[in-house]
Amino acid sequence: MASQDELKSLAARKALEYVQENEYLGIGTGSTVRFFIEALAESGIKIKGAVSTSSQTSELMKKFGIPEVMLNEVNGLPVYIDGADEVNHLLQMIKGGGGALLNEKIVASAADQFICIADESKFVSRLGHVPLPVEVTPNARSLVARRLLKLGGEPNLRMGFTTDHGNLILDVTNLNLNEPMKMENAINNLPGVVDNGLFTERPADLLILACQDGVKVLTAHS
Ligand code: 5RP
């Protein structure tokens, strides 16, 4: 039986097939992405440069010799590769376990194709088993927490953590995510919220899911 890390590595390696040579690439954040960065460096595939979504990813890219470009320097991004904390059959996701949700959402929105890489434990029938990260400006932390309580959630401040943008994260449990797109927008409409980890307005286009019985490539299905 393959370990979770082995499955993450299998999904990451499969994603190399979707990297376009001599083009720009978007790279997400997290442990699955780490396997992808290592595999990309080993593969010898030449890219023009990669847009990073976090200081953690930028450091790894530097370590593995992958040139970084800023999103503002590129006109388009053919492909973006990133992990997820949860993904459903519509390829909607909860992301932000690593706290990089804002950059991840920006880069995902800039990309023509968003490829999610994950091990089978991330695939769920319904989103909401993991807490939903909500990025807030520091001065609005308490205000937003009270509003999230009114939405039915239980917010918990992620202790000792500041985002790359100098903001805080509230990890919210118990939200009813039966209509995740409505919740994504309702939370983002709260003043003081910078963004939240629901990716329904911009779901993935392809899911590379590493399972015990093989690596599957899935598109959204109802
Ligand atoms: C970071 C993310 C990651 O994609 C998500 O947390 C999955 O991480 P991992 O690959 O380590 O399981 O959204 O903000």
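In the predicted model, an oxygen atom of the ligand lies 3.0 Å from an N or O atom in the side chain of Lys95. The protein buries 91% of the 370 Å² that the ligand exposes when taken alone. A second side-chain approach involves Thr32, where an N or O atom of the side chain is 2.5 Å from a ligand oxygen atom. At Thr29 the backbone takes part instead: one of the polar backbone atoms of this residue is 3.2 Å from an oxygen atom of the ligand. With a cut-off of 3.5 Å for pairs of N or O atoms, the distances at Lys95, Thr32 and Thr29 count as polar contacts.

The ligand occupies the second largest pocket. The shell around the ligand comprises 17 residues, of which 2 are nonpolar, 9 polar and 6 charged. Those that come nearest to the ligand are Ser31, Thr32, Asp85, Gly96 and Lys122. Thr32 thus appears both in this nearest group and in the side-chain approach at 2.5 Å.

Strands β4, β5 and β11 form an open sheet, in the order β4-β5-β11 and with antiparallel pairing. The edges of the sheet are β4, residues 86–87, and β11, residues 198–199, each of which pairs on one side only. Strand β5 covers residues 93–94 and pairs with β4 in the antiparallel sense over 2 bridges. Within this pairing, Glu86 has Ile94 of β5 as its bridge partner. In general, the strands of a sheet pair through backbone hydrogen bonds, in either a parallel or an antiparallel sense.

The loop between β4 and β5 contains Leu91. The phi angle of Leu91 is near 60°, a positive value in a residue other than glycine. A positive phi is also found at Asn22, again a residue other than glycine, with a value near 55°. Asn22 belongs to the loop that runs between helix α1, residues 4–15, and strand β1, residues 24–27.

Note on methods. Residues are numbered from 1 along each chain as its sequence is written. This is a predicted model: local features need pLDDT of at least 70, side-chain atom pairs count only at pLDDT 80 or more; totals for chains, interfaces and linings use all residues. Side-chain values use heavy atoms; hydrogens and water are left out. A residue is near a molecule or strand if one of its heavy atoms lies within 4 Å of it. A polar contact is a pair of N or O atoms within 3.5 Å; within protein, one must be able to donate a hydrogen and the other to accept it, and residues adjacent in sequence count only if both atoms are side-chain atoms. Accessible areas come from the Shrake-Rupley method with a 1.4 Å probe; for residues, only the protein chains shown count as cover. On a 1 Å grid over the protein atoms alone, a cavity is a set of points where a 1.4 Å probe fits but cannot get out, and a pocket is an open set with protein on both sides within 12 Å along at least five of seven lines; lining residues have an atom within 4 Å of a point. A molecule sits in a cavity or pocket if more than half of its atoms lie within 2 Å of its grid points. Ala, Val, Leu, Ile, Met, Phe, Trp, Tyr, Cys and Pro count as nonpolar, Asp, Glu, Lys and Arg as charged, and the others, Gly among them, as polar. Two strands pair if DSSP finds at least two bridges between them. Helices (H or I, at least four residues) and strands (E, at least two) are DSSP runs, numbered from the N terminus.
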